[in-house]
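Here are my notes on the structure you sent over. I've kept them as numbered points so you can read them next to the model.

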Amino acid sequence: MNYKYGFLMFLVAFLLQFTIMDHLAIVGVMPNLLLILVIVLSFLFNENYAPTYGIIFGTMQDICFSPMIGINALSYFLVYLFIMQIKRFIYRDNVLATLFLVAAATAIHSAVFWSITQAFGGNLNIMYMLIRLPGTIVYNFIPAALFQSFIVTKVIRYRGDRYI
């Protein structure tokens, strides 16, 4: 996978996030497609386009829709750093590993977003965030598992797959 395909995936995810995903929200919770791309691409590949495009599109997300600029970009970068530290210990093709990473990364993203917002005088309640967190984890896991299974079967080629 190269930078061109990474950019297209992040661009499509950015456009889908704020056009279609608003209509697919369940109880006010919708999947964060940019966070899912940062999780899955940084977990599966060793290239640095996941944090690069995560920071770029996170900043664009902040400019367009956030009360403060830089929160999403910083949280996407911190999620990337967390995944880079933990991916040495986790098997990449396991769906449970993806569930663990999505849960941890969503919690990190929410905690960073809440703490920075609170530090600069925001009015986001911690209980509101904690009540929405399990639904957000589940709703982020579904597209992440689908995307990872697509990437593993279509993009990553193993030596034993050449006769299939």
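1. A definition before anything else: two residues are in contact when they have heavy atoms within 4.5 Å of each other. Keep in mind, too, that this is a predicted model. Now take the contacts in the chain with a separation of 6 or more: 71% of them come from residues 24 or more positions apart.

2. On to the fold. You'll find six helices and zero strands in the chain, so reading along the sequence gives α-α-α-α-α-α.

3. How does the radius of gyration sit with a compact globule of 164 residues? Such a globule would come out near 15 Å and the chain has 16 Å, so the two agree. If you'd rather think in box dimensions, the C-alpha trace spans about 60 × 35 × 30 Å along its principal axes.

4. Next, inside and outside. Of the 164 residues in the chain, 43% are buried. The exposed surface of the chain comes to about 9100 Å², and 70% of that is supplied by carbon and sulfur atoms.

5. Charges: I get 9 positive and 5 negative side chains in the chain. The centres of these two sets lie 10 Å apart.

6. The aromatics deserve a point or two. A search of the whole structure turns up 11 aromatic pairs. One of them is Tyr3 with Tyr53: the ring centres are 6.3 Å apart and the planes sit at 75°, which makes the pair edge-to-face because the angle is over 60 degrees. Tyr3 belongs to helix α1 (residues 3-19) and Tyr53 to helix α3 (residues 49-65), so this pair ties together parts that are 50 residues apart in sequence. Are the two partners buried or exposed? Tyr3 is partly exposed, at 44% relative accessibility, whereas Tyr53 is buried, with a relative accessible area of 11%.

7. Then there's Phe14 with Phe18, whose ring centres are 5.3 Å apart with the planes at 70°, so this pair is edge-to-face as well. Both residues are in helix α1, and being four residues apart there puts about one helical turn between them. Phe14 counts as buried at 9% relative accessibility. Phe18 has a relative accessible area of 18%, so Phe18 is buried too, the cut-off being under 20%.

8. Which residues make up the aromatic cluster? Tyr3, Phe7, Phe10, Phe14, Phe18, Phe45, Tyr49, Tyr53, Phe57 and Phe65 form one cluster. The four residues from points 6 and 7, Tyr3, Tyr53, Phe14 and Phe18, are among them.

9. Away from the aromatics, have a look at Ser110, which is in helix α5 (residues 95-119). With 15% relative accessibility, Ser110 counts as buried. What does Ser110 touch, once residues up to four places away in sequence are left out? The partners are Met129 and Leu133.

10. Last one: Pro67, in the loop between α3 and α4 (71-86). At 70% relative accessibility, Pro67 counts as exposed, because anything over 50% does. Pro67 and Thr117 are 50 residues apart along the chain, with 8.7 Å between their C-alpha atoms.

Note on methods
Residues numbered from 1 in each chain as written. Predicted model: local features only at pLDDT ≥ 70, side-chain atom pairs only at ≥ 80, totals over all residues. Heavy atoms only, no water. Rg over C-alpha atoms; globule rule 2.2 N^0.38 Å. Buried < 20%, exposed > 50% of the residue type's maximum accessible area, 1.4 Å probe, protein only. Areas by Shrake-Rupley, 256 points an atom, 1.4 Å probe, with all protein chains shown as cover. Lys, Arg positive; Asp, Glu negative; His and termini not counted. Charge placed at Lys NZ, Arg CZ, Asp CG, Glu CD. Phe/Tyr/Trp six-rings, centres within 6.5 Å; stacked < 30°, edge-to-face > 60°.
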